[in-house]
Amino acid sequence: MNKDIATPIRTTEILKKYGFLFKKSLGQNFLIDPNILRRIVTTAGVTEETNVIEIGPGIGALTEHLARSANEVLAFEIDDRLLPILAETLSPYENVEIVHADILKANVHEVMGEKFSSPEAPLKIVANLPYYVTTPIILQLLHEKVPASSMTFMLQKEVAERISAKPGTKSYGSLSIAIQFYMVAELAFIVPKTVFMPQPNVDSAVIHLVKRETPAAMVHDETFFFEVTRAAFAQRRKTLWNNLVSKFPELKEQKNELEVRFSSLDIDLSRRGETFSIQEFAKISNELARFLKNH
Ligand code: SAM
């Protein structure tokens, strides 16, 4: 087996050889601990049947661990200074393709069709995400319906807690719902700052998201559902009713009628948004859509 890229000595050697300077604006914190990389690959459940998409390979630390376990790896990297480095560090691995692209602008479906030699193999997404843009990347992958059975990400611990939060907790909010609507979310493990070069300012965690066969609740209009959930958390200390009226002022005149309708669904409008489950939010948005249409 080849020597790991992810050790302090080898990483420093590679960076020196190419005169590479980190760009903070691109969230460049490279992993330098092979044990953490092995844990990420195990958590993701990558096997030789799996194709993997990676976002932001850096100098290839995680990419090589994925390449050793997976069928094929396709990695999107925005920083062109890393391309010659990756060409060298990943030269022992024939099952890796690097694409020079911003993941937020790339047509992932099209690139997969072009670059994977067996695009029909089961797909997983695995990444140590750039921290300045973690949430937009995850939401875009979900909304573009990239056909991955799971997504395993290293990200800020605080974001990992928000993504996996349960109703009634401090971290629970519209991000928890946006992701748990499609995926079962589990915070797999916490990661100390010392395993990165340079060390980030915040603690990190690995989150494992497994795609649900069907979304967590039956919703008539997904766009409206997400609009309602965001509105319900616009001001966390306000009741659901007050947040809904701020978003839909026309409801104000209809409070009594709405209260009756919602109480027949077991929804108390004087509760705060953070107390409602995804299934309850589905009832709220389905009923509200019907109500607004008829008034
Ligand atoms: N995977 C490497 C590792 O674990 O050592 C590097 C991870 S580093 C946290 C994030 C990587 O994402 C960097 O290589 C950075 O250049 C890249 N990146 C930042 N924004 C990106 C974007 N929008 N699209 C693709 N890659 C991006």
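The legends below describe close-up views of a predicted model.

**View 1. The annotated domain, residues 36–213.** An unreviewed UniProt entry places the feature "domain: Ribosomal RNA adenine methylase transferase N-terminal" at this span. Helix accounts for 33% of the span and strand for 28%. The C-alpha atoms at the two ends, residues 36 and 213, are 30 Å apart.

**View 2. The largest pocket and its lining.** The volume of the largest pocket is about 400 Å³. The lining comprises 30 residues. Closest to the pocket centre are L26, G56, E77, N128 and P130. Four elements each give two or more residues to this lining: β1 (30–31), β2 (51–55), α3 (61–69) and β3 (72–77). By class, the lining residues are 21 nonpolar, six polar and three charged.

**View 3. Ligand surroundings.** There are 23 residues around the ligand. Those that come nearest are L31, G56, E77, D102 and N128. L31 belongs to strand β1. G56, E77 and N128 are also among the residues closest to the centre of the largest pocket.

**View 4. Polar contacts to ligand nitrogen atoms.** Y132 contributes a polar side-chain atom, 2.9 Å from a nitrogen atom of the ligand. For I103, a backbone N or O atom lies 3.0 Å from a ligand nitrogen atom. P57 has a polar backbone atom 3.4 Å from a nitrogen atom of the ligand. How much of the ligand does the protein bury? Alone, the ligand exposes 600 Å², and 99% of that is buried by the protein.

**View 5. Binding-site annotation set against the largest pocket.** The unreviewed UniProt entry places the feature "binding site" at N29, L31, G56, E77, D102 and N128. Which of these residues does the lining of the largest pocket include? The lining includes N29, L31, G56, E77, D102 and N128. Of the annotated positions, L31, G56, E77, D102 and N128 are listed as coming nearest the ligand.

**View 6. The second largest pocket.** About 300 Å³ of space lies in this pocket. Its lining has 13 residues. Nearest the centre are K24, G27, N29, P200 and N201. N29 is also part of the lining of the largest pocket. The lining of the second largest pocket divides into six nonpolar, five polar and two charged residues.

**View 7. A cis peptide bond at P198.** The bond from M197 to P198 is cis. Its omega is near -15°. Where does P198 sit? P198 is in the loop between β8 (196–197) and β9 (204–211).

**View 8. Positive phi at K145 and D266.** K145 is not a glycine, yet its phi is positive, at about 55°. K145 lies in the loop that links α6 (134–143) with β6 (148–156). D266, another residue other than glycine, has a positive phi near 70°. The loop between α11 (255–264) and α12 (278–294) holds D266.

Key. Residues numbered from 1 in each chain as written. Predicted model: local features only at pLDDT ≥ 70, side-chain atom pairs only at ≥ 80, totals over all residues. Heavy atoms only, no water. UniProt positions renumbered as here; feature names shortened; annotations may be inferred. 1 Å grid on protein atoms, 1.4 Å probe; cavity = no way out; pocket = protein on both sides within 12 Å on 5 of 7 lines; lining within 4 Å. Points joined across faces, edges and corners; volume = space filled by probe spheres on them. Nonpolar A, V, L, I, M, F, W, Y, C, P; charged D, E, K, R; others polar. Near = heavy atom within 4 Å. Polar contact = N/O pair within 3.5 Å; in protein donor to acceptor, adjacent residues only side chain to side chain. Areas by Shrake-Rupley, 256 points an atom, 1.4 Å probe, with all protein chains shown as cover.
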